[in-house]
Amino acid sequence: MQNEDDLIALAKQPFEDKRNRSIWMQIYDRLTGAIGAGLLTEGSKLPGEDDLAKMFGVNRITLRKALSRLQREGRLVSRKGVGVFVRHLAMRYVVHQNYAGNASIDEATSPVQTLSLERKSVSPDAAKVFGLPQDAEIVELRMLQFAKEVPYYYAVKEFPLCVFPDFIADYEREGTILGAYEAAGIKQYIRSETRIFGDFATDEEANLLQISNKAPLLRSRSFNNDTAGRIIEYNRGCWPMMGVELVFNNNFQASESINL
């Protein structure tokens, strides 16, 4: 927070008639405005609930309603045992034709955590994309990407064994998807299609992304082709709605759609 005195002054402003707008919604409006104006800076820690409630002259139940909505929207993030922080907003994310993962174009690095890497039954959507039977096996990679220690992108990627029989060993050795691609003899590829749509977080996604259950998300569905036209990767990803700005390269071209 740049100046706690500014937040105190904001909290002390008189409320409108609660018959027109509830008190907790007015608190929500003020905190949203403070985040947008930079009064509450990205990554800053909010005062504790007791202190915030005293600032606004309300009880903790009223205050929590406002904080809960901000967390559901992804504007705030709660770190267990530490406190509530302003989420780093508008992480810029570029969708490349020739890159295995959508990459942040901010200067700060975005570390990736591998959550799981295993052979599994193909998902129904991936089976349709790859043209595989429903009982086929693929390699599934689950990963979580961070920005300034805050998780902001969760992805589940599927790779066909007919293209990548040694994907698990290659990925563990090389440490990247591109490295596993090259180990399988794939030097170039094309991001053939990316679809973006709105949805709400599941329990698992909310837990991983440190947002509330049913918080709004942006979801992506995409797949990559090699230069021979084979589909070699199917990706399902999601971001907190308020935490990302998607950027599509001007040279991005989608191929013929596959109806999922």
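What do the buried residues of α2 pack against? I opened the notebook with that question and worked outward from there. The model is predicted, and I kept that in mind throughout.

**Entry 1: helix α2**

I looked up the packing partners. The buried residues of α2 pack against α1, α3, α4, β1 and β2. Then I listed the buried residues themselves. They are M25, Q26, I27, Y28, R30, L31, T32, A34 and I35. I noted that R30 is on that list.

Next I checked the helix length. α2 has 15 residues. From first C-alpha to last it reaches 21 Å, close to the 21 Å expected at 1.5 Å a residue. I also looked just past its end. There G38 takes a positive phi of about 85°.

**Entry 2: the chain as a whole**

I stepped back for the overall counts. The chain holds eight helices and eleven strands. It has 260 residues, and buried ones make up 48% of them. I then looked at contact range. Taking contacts between residues at least 6 apart in sequence, I found that 62% join residues at least 24 apart.

**Entry 3: α1 against α3**

How do the axes of α1 and α3 cross? I took helix α1 as residues 4-11. Its axis and that of α3 come within 7 Å and cross at roughly 50°. The two helices are therefore oblique to each other. On the α1 side, the contact is made by E4, L7, I8 and A11. On the α3 side, I wrote down L52, M55 and F56. By class, the contact has six nonpolar residues, no polar ones and one charged.

**Entry 4: α3 against α4**

I moved to the next pair. α3 and α4 pack at an angle of about 100°, with their axes 9 Å apart. An angle of 65 to 115 degrees counts as roughly perpendicular. That makes α3 roughly perpendicular to α4. From α3, the contact uses E49, D50, L52, A53 and F56. From α4, it uses R60, L63, R64 and L67. The classes here are five nonpolar, no polar and four charged.

I cross-checked the two lists for α3. L52 and F56 appear in the contact with α1. L52 and F56 also appear in the contact with α4.

**Entry 5: helix α4**

I then took α4 by itself. It covers residues 60-72, 13 in number. Its C-alpha span, first to last, is 18 Å, close to the 18 Å expected at 1.5 Å a residue. At its start, I found a side-chain oxygen of N59 within 3.2 Å of the backbone nitrogen of I61. After the helix comes G74, whose phi is positive, near 85°.

Which residues of α4 are buried? I listed T62, L63, A66, L67, L70 and Q71. What covers them includes α2 (23-37), α3 (49-56), β1 (76-79) and β2 (83-86).

**Entry 6: Q71**

I picked one residue from that list. Q71 is found in helix α4. Its relative accessible area is 17%. Buried means under 20%, so Q71 counts as buried.

I asked what Q71 touches beyond its neighbours in sequence. With residues up to four places away left out, Q71 touches L76, S78, V84, I211 and S212. I checked S212 for sequence distance. Q71 and S212 are 141 residues apart along the chain, yet their C-alpha atoms are separated by 6.1 Å.

**Entry 7: A206**

S212 sent me to another residue. A206 has its place in helix α8 (residues 203-209). It is buried, with a relative accessible area of 5%. I set aside residues up to four places away in sequence and found that A206 touches A201, I211, S212 and N213. I211 and S212 are also touched by Q71.

I looked up one distance back to α4. The C-alpha atoms of A206 and R72 are separated by 9.1 Å. These two residues are 134 residues apart along the chain.

**Entry 8: E233**

Is E233 buried or exposed? I first placed E233 in strand β10 (residues 231-240). Its relative accessible area is 1%, so E233 is buried.

I then looked for partners of its side chain. The E233 side chain makes a polar contact with the side chain of K157 at 3.1 Å. It makes another with the side chain of Y181, at 2.5 Å. I closed the notebook there.

Conventions:
Residues numbered from 1 in each chain as written. Predicted model: local features only at pLDDT ≥ 70, side-chain atom pairs only at ≥ 80, totals over all residues. Heavy atoms only, no water. Helix = DSSP H or I, 4+ residues; strand = E, 2+ residues; numbered from the N terminus. Expected span 1.5 Å × (residues − 1). Buried < 20%, exposed > 50% of the residue type's maximum accessible area, 1.4 Å probe, protein only. Contact = heavy atoms within 4.5 Å. Polar contact = N/O pair within 3.5 Å; in protein donor to acceptor, adjacent residues only side chain to side chain. Axes fitted to C-alpha atoms, helices over the stretch in contact; angles between N-to-C directions. Parallel < 35°, antiparallel > 145°, perpendicular 65-115°, else oblique. Nonpolar A, V, L, I, M, F, W, Y, C, P; charged D, E, K, R; others polar.
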